[in-house]
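Please open the model in a viewer and set the display to cartoon, with side chains available on selection. The tour proceeds stop by stop, from the whole chain to individual side chains.

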Amino acid sequence: MSETRLHLVVEAFYGHLERRKAPATVERWRPELRRLQEWATGLELSELTGARLELEFLPAWEAAFRARNGREPAANTVRAVVQALGSLFAFAARYDLLVDSEGRILPNPALRLEPPRIRPPAELDWLRPDEDRAVCSCPMSTAICSRSL
């Protein structure tokens, strides 16, 4: 039941997104939500808990990403997946779609997810390493330093 129910919630969410988000966002989230649906095959909607999303889905998603791309996902990529899940489940909760088989309201499991922290680059660290080396290897003149301001 959940597979079909989750599918219906995701399809309704796409319609909602298309009226509220940029087309690029919708297209960026579409494959990630399809992966959620594939992973959740056979699970009831009530079984999609925060713990399962964090401890089962996201590690499986990361492993599949590594297999597809041959590298670790960037923190911004993981953050986008967590944002897609958060938006999906917030939509489902807002419109009373997040219910169990008996119609009881379920807690939003995505509220438990913690997106990775994205550290801003250091203010003065805006050159790439090769650019740093090039600047540091340039001859310096003392003429500029000796002028008074």
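The stops below begin with the overall fold and continue with one helix, the salt bridges and the cysteines.

**The whole chain**

The model on display is predicted. Colour the chain by secondary structure: the view contains 6 helices and 0 strands. Following the chain from the N terminus, the order of elements reads α-α-α-α-α-α. Switch next to a surface representation. The accessible surface amounts to about 10100 Å², and carbon and sulfur atoms contribute 54% of that area. Of the chain's 149 residues, 30% are classed as buried. If contacts are displayed, consider those with a separation of 6 or more: residues 24 or more positions apart supply 61% of them.

**Helix 2**

Select residues 23–39, which make up helix 2. This helix has 17 residues, and the distance from its first C-alpha to its last is 25 Å, close to the expected 24 Å. Where does helix 2 bend, and by about how many degrees? The bend lies at arginine 30 and is about 30°. Within four residues after that position comes a proline, proline 31. Now show the side chains of Val26, Trp29, Glu32, Leu33, Arg35, Leu36 and Gln37; these residues of helix 2 are buried.

**The salt bridges**

Side chains of opposite charge can pair when their charged atoms come close. In this model the count of salt bridges is 10.

Begin with glutamate 72 and arginine 66, which form one such pair, with 3.2 Å between the closest N and O atoms. Glutamate 72 counts as exposed, at 52% relative accessibility, whereas arginine 66 counts as partly exposed, at 31%.

Move next to arginine 104, and display aspartate 100 and glutamate 102 with it. Aspartate 100 forms a salt bridge with arginine 104, the closest N and O atoms lying 2.9 Å apart. Glutamate 102 also forms a salt bridge with arginine 104, and here the closest N and O atoms are 2.9 Å apart. Is aspartate 100 buried or exposed? Aspartate 100 is buried, since its relative accessible area is 13%, under the 20% cut-off. Arginine 104 is partly exposed at 49% relative accessibility, and glutamate 102 is exposed at 60%. A further selection shows Glu18, Glu27 and Arg30, which are joined into one network by salt bridges that share partners.

**The cysteines**

A disulfide is a covalent bond between the sulfur atoms of two cysteines. How many disulfides does the structure hold? The number is 0. Select cysteine 136 and display its sulfur: the nearest cysteine sulfur belongs to cysteine 138, 8.6 Å away, and cysteine 136 is in no disulfide. The distance of 8.6 Å is therefore not within the 2.5 Å cut-off for a disulfide. Cysteine 136 counts as exposed, with 66% relative accessibility. Turning to cysteine 138, the nearest cysteine sulfur is that of cysteine 136, and cysteine 138 is likewise in no disulfide. Cysteine 138 counts as partly exposed, with 41% relative accessibility.

How values were computed. Residues numbered from 1 in each chain as written. Predicted model: local features only at pLDDT ≥ 70, side-chain atom pairs only at ≥ 80, totals over all residues. Heavy atoms only, no water. Salt bridge = Lys/Arg side-chain N within 4 Å of Asp/Glu carboxyl O. Buried < 20%, exposed > 50% of the residue type's maximum accessible area, 1.4 Å probe, protein only. Helix = DSSP H or I, 4+ residues; strand = E, 2+ residues; numbered from the N terminus. Expected span 1.5 Å × (residues − 1). Bend = angle between axes of the 7 residues up to and from the residue. Contact = heavy atoms within 4.5 Å. Areas by Shrake-Rupley, 256 points an atom, 1.4 Å probe, with all protein chains shown as cover.
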